[in-house]
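Me: Before I rely on any label for this protein, I would like to see each one set against the rule that stands behind it. Could we go through them one at a time?

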Amino acid sequence: MANYRIATIEGDGIGPEVAQATIKVLSEACGAAKLDFQMFEGGAGHYMKTGQVLPDDTFKACRDLDAILHGAAGLPSVTYPDGTEVGNDLHLRLRFQLDLYANVRPVKLLPGVLSPLRAFQDGGIDYVIIRENTEGLYASRGAGVLLRNEFASDSLVITRKGTERVAKFAFELSRKRRGAPRDGKRRVTVCDKANILRSYAFFRSVCDEVHTGFPDVEIDYAYADAITVHMVKRPDFYDVIVAENMFGDIISDLGAATVGGMGISPSGEIGDANALFQGAHGSAPDIAGQNLASPIATILSGVMMLRWLADRHEDTSLEDAADRVEAAVGVVLSEKRAVPVDLGGKATCSDVTDAICRAMN
Ligand code: ATP
Ligand code: MG
């Protein structure tokens, strides 16, 4: 069976800790020879040393190897002259240059984790947010206008191509994913503000057109403000939510909060040729280097990576390994073998990692 080369960027802050934890768990699950984690530099710390946040060889490896695993990048003190954070650039460049258009953010309450939504403690939160990752309001980044310190403007870009591909991704995911909403329906919810802006109305109408190819999946609509209420009051209604870039950014943090927070929430950024996996959190410099970070978000992102590779290469051994890791995380949390600090426990990053490895054997 094939081996896979993983372009790995540890990055800044807690990035190295959570990336190493993930390498350990995935190597244990797949066998050490199966995954070849090749390490590359990048991030705010690297910029301080060299003036480059994403060196050429790192970019080429990300483009040419089989998948990308990223710890986290960015340090608040390392900024460009315009005040924007250097670290974000690494991620944004990979996102745009590799055209990683679907940002997949599962929102799933794991066994043993306390949700602030008491009504759903025993099940019902298991859906996926697909954030459009290449256009929307964030396409204006770096191109906004500020006039005489009196007027500022950014523009929101929605294209047919960009919307069609992310909508298709959402409908296909709804068809094939394992989880389902409480009523068992396959459903894609389009999150926008079609009642206010023409661009969002266009987003919705393109999603409608794509839906005609998926008659077995229900289509549903929610305004971005209203969905924040529904995600709290009836999260069990959702299956797949597809949202414009900025709305997707906002609602995925809310979704993460309902299932235990950023330390447990994975993310995958998927394009047609490449995919990047990292936890939904940032580099958390406040707890870096103290073995306090939860590695679970990155480990679950690694699970997403295994499933993405398994699908592309029709390699069921990776699918089995992904299942083993996911089950082990469930056992460690539900039996409270190692509860990370951000979930109210005392386990260090390495305690959690070791407990997950032990639970697989
Ligand atoms: P970014 O700009 O990259 O999104 P951010 O400013 O939103 O970053 P994060 O780095 O995501 O901030 O983290 C916010 C806080 O949440 C951190 O300061 C840290 O205390 C906590 N946190 C984040 N990730 C983890 C983790 N894996 N384990 C434990 N705590 C975490
Ligand atoms: Mg953030």
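Reply: Let us begin with residue classes, where Ala, Val, Leu, Ile, Met, Phe, Trp, Tyr, Cys and Pro count as nonpolar, Asp, Glu, Lys and Arg as charged, and the others, Gly among them, as polar. By that rule, the shell around ligand 1 in this predicted model holds six nonpolar, seven polar and two charged residues.

Me: What makes a residue part of the shell around ligand 1, and which are the closest?

Reply: The C-beta atom, placed from the backbone, must lie within 6 Å of the ligand; 15 residues surround ligand 1, and the closest are Gly263, His281, Gly282, Ala284 and Ser294.

Me: Why is Thr50 called buried or exposed?

Reply: A residue counts as exposed if 12 or fewer other C-beta atoms lie within 10 Å of its own, and Thr50, which is found in helix H2 (residues 44–50), has 10 such neighbours, so Thr50 is exposed.

Me: How do you know where the largest nonpolar core lies with respect to domain 1 and domain 2?

Reply: That core has 108 residues, with Ile130, Ala170, Val242 and Val329 making the most contacts inside it, and helix H9 (residues 296–313) gives the most to the core, nine residues. Because domain 1 (1–108 + 264–361) and domain 2 (115–259) both contribute residues, the core lies between them.

Me: What makes up the side of domain 1 that touches domain 2?

Reply: In all, 16 residues of domain 1 are in contact with 21 residues of domain 2. Helix H4 (86–97) and strand S4 (102–108) are the elements that give two or more residues to that side of domain 1, and S4 supplies the largest share, seven residues.

Methods: Residues numbered from 1 in each chain as written. Chains lettered and ligands numbered in written order. Predicted model: local features only at pLDDT ≥ 70, side-chain atom pairs only at ≥ 80, totals over all residues. Core = buried A, V, L, I, M, F, W, Y, C linked by C-beta atoms within 7 Å. Buried ≥ 20, exposed ≤ 12 C-beta atoms within 10 Å, placed from the backbone. Helix = DSSP H or I, 4+ residues; strand = E, 2+ residues; numbered from the N terminus. Domains from an automatic or database assignment. Contact = placed C-beta atoms within 7 Å.
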